[in-house]
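Visitor: I'd like a close look at one part of this protein, the aromatic rings. Start there, and then work outward to whatever surrounds them.

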Amino acid sequence: MSANGYYGPYGGMFIPEILFPAFDELKATFADIQQDQIFWQDYQGYLATFSGRPTPLTYAERLTAYFGGPRVYMKREDLNHSGAHKLNNALGQAMLAKRMNKTRIIAETGAGQHGVATALVAAKFGLNATVYMGSEDVERQYANVFWMKRFGAEVVPVETGSRTLKDAINAALRDWAASFETTHYVLGTASGPHPFPALVTFFQAIIGNETREQILRLEGKLPKRVYACVGGGSNALGIFKAFMPDEDVELVGVEAGGEGPMVGKHAARIAYGQGKIGIAQGYKSLFLQDEDGQMVETYSLAAGLDYTGVSPLLAHLSERKRVRFEAATNEEVVNALQLVMTKEGIVPALESTHAFAGAFREMKQCSEGDSIIINISGRGDKDIFNIAEGVRDEEWKAFIQRKHTQYQQSRSGDSGKA
Ligand SMILES: *Cc1c(COP(=O)(O)O)cnc(C)c1O
């Protein structure tokens, strides 16, 4: 990384001048904690007692037998408190906020997972929290909105633009420009303006640090490949970072192939070769955009992967051929999920199941003496509604429809409260 936060041609910091002081303070504090062993020990301590870290590396015995190839291991980020890797970053940034003497944190959220993680660390550290969420997403992910409010956060539906994640990011940045003296912006993934890609990767690197130690203990040697799904890129960079210097370990990022490589039907910025260099939301990276540079619609069954941009660090690592990119379609993901559930008795999130689908497709390329690791970025309990859509289970769909109607009714009853 260059001093200005560039990874090759990607990255940087494209923000309004009014935010310069906020970013200067954040960069200085980040530089400071990177030198501070005590900060990292405190971070690990909180994660141990609050989130249940270290998370296990589980041997997938029956999947291994089923494919007859390499030994398959799963890194269990699904066992974190609140059910995903998101808490690693939210907790680290809440500690940063405290160190900068801020009393309030704000966040953007798409599917709501990062909003929930931010809301609960705010409760834990006694900070006020505001979460910006596109009103379209508020509607689609109401269960998470309900959770955020119960943790005491204010949830602000954003009515501008397409009323989804990118509009929530813009709204959060606008808030920050007016409030940074008391407020820290907890960005949820390894993209956005410098120093966020480096900062979020720094906290999420705990995943790979643990994994590398665990696999060496279990196997006595490094794995052949490590697979992770890629939305903004934080869980992938988190598990990849510790293996980066090990040139023989192949790192594979799996994007959302949605309904296939047609424009507008997926969120595979790199694997389908359709992402073009551009600047949006404060950073330069590969974005899915039309000829005029307007962002195009993305689509995936997995809400957490449904994003037009990607971490500038991953765009760079792809170009340098250190990380290989693949895409898994919705159909492959639904099939992979069924296999994981029936062979291993666990429920990965639809996002994480992309990593399984990518790995299953190329299982024959590794030999029996090798091992591979799949990162389970989160648990799938939140996804039953979408899974029902994916499997086209009529009975289930009817049930979900009734539930959805009930949600909407409870929502109109709930507004104004909390
Ligand atoms: C948010 C989310 C993702 C995608 O975000 P990354 O920053 O790419 O990791 C993946 N899996 C789960 C479970 C998520 O909640």
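Guide: Let's settle what counts as a pair: two rings of Phe, Tyr or Trp (for Trp, the six-membered ring) are paired when their centres lie within 6.5 Å, and the angle between planes sets the type, with under 30 degrees called stacked, over 60 edge-to-face and anything else tilted. Keep in mind that you're looking at a predicted model. Counted that way, there are 18 aromatic pairs here.

Take F39 and F203: their ring centres are 6.4 Å apart and their planes meet at 40 degrees, which makes the pair tilted. F39 sits in helix α2 (residues 37–51) and F203 in helix α9 (residues 196–204), so this one pair links parts that are 164 residues apart in sequence. Both F39 and F203 are buried. For a contrast in geometry, look at Y66 and F67: that pair is edge-to-face, with 5.0 Å between centres and 90 degrees between planes. The cut-off for buried is under 20% relative accessible area, so F67, at 18%, counts as buried, whereas Y66 has 47% and is partly exposed.

Back to F39 and F203, because they have company: together with F30, W40, Y43 and F202 they make up one aromatic cluster.

Some rings also have a charged side chain over them. K124 lies over the face of F50, 4.8 Å from the ring centre. R150 does likewise with F146, at 4.5 Å from the centre of the ring.

Now let's work outward. The protein splits into domain 1 (6–49 + 86–196) and domain 2 (52–82 + 206–386). Their centres, taken over C-alpha atoms, are 23 Å apart, and the contact between them involves 29 residues of domain 1 and 32 of domain 2.

Next comes an open sheet of 6 strands, in the order β3-β4-β14-β9-β10-β13, with mixed pairing. The edge strands are β3 (57–59) and β13 (323–329); each has a single partner strand, so one side of each has no neighbour in the sheet. From one strand to the next, the twist averages 25 degrees. At the β3 edge, the pairing with β4 (residues 71–76) is antiparallel and runs over 3 bridges. If you want a landmark there, L57 stands opposite K75 in β4.

Two helices are worth finding against this sheet. Helix α10 (residues 206–219) lies across β3, β4 and β14 (371–376), at about 145 degrees to β4. Helix α13 (residues 330–344) packs on the sheet too, touching β3, β4, β10 (250–258) and β13, and its direction is at about 90 degrees to that of β13.

From α13 you can step back towards the edge-to-face pair. Helix α3 (residues 61–67) holds R62, which is partly exposed with a relative accessible area of 45%. Neighbours within four places in sequence aside, R62 is in contact with T342, K343 and E344. The C-alpha atoms of R62 and V72 are 9.2 Å apart, with their positions 10 residues apart along the chain.

For a residue that is closed off, pick T353 in helix α14 (residues 350–361). T353 has 0% relative accessibility and counts as buried. Beyond residues up to four places away in sequence, T353 touches V333, A336, L337 and P348.

Finally, check a few backbone details while you have the model open. The peptide bond from R53 to P54 is cis, with omega near -5 degrees, and P54 lies in the loop between α2 and β3. A cis bond also joins H194 to P195, with omega near 10 degrees; P195 is in the loop between β8 (183–185) and α9, the helix that carries F203.

Then there are positive phi values in residues other than glycine. One is Q281, with phi near 45 degrees, in the loop between β11 (276–280) and β12 (283–287). Another is K321, with phi near 60 degrees, in the loop between α12 (312–319) and β13. On accessibility the two part ways: Q281 is buried at 14%, while K321 is exposed at 74%.

Definitions and conventions
Residues are numbered from 1 along each chain as its sequence is written. This is a predicted model: local features need pLDDT of at least 70, side-chain atom pairs count only at pLDDT 80 or more; totals for chains, interfaces and linings use all residues. Side-chain values use heavy atoms; hydrogens and water are left out. Helices (H or I, at least four residues) and strands (E, at least two) are DSSP runs, numbered from the N terminus. Buried means under 20% relative accessible area, exposed over 50%, partly exposed in between (1.4 Å probe, protein chains only). A charge sits over a ring if NZ of Lys or CZ of Arg is within 6 Å of the ring centre and within 35 degrees of the ring normal. Two strands pair if DSSP finds at least two bridges between them. Axes are lines fitted to C-alpha atoms, for helices over the stretch in contact, and angles run from 0 to 180 degrees between N-to-C directions. Contact means heavy atoms within 4.5 Å. Domain bounds come from an automatic or database domain assignment.
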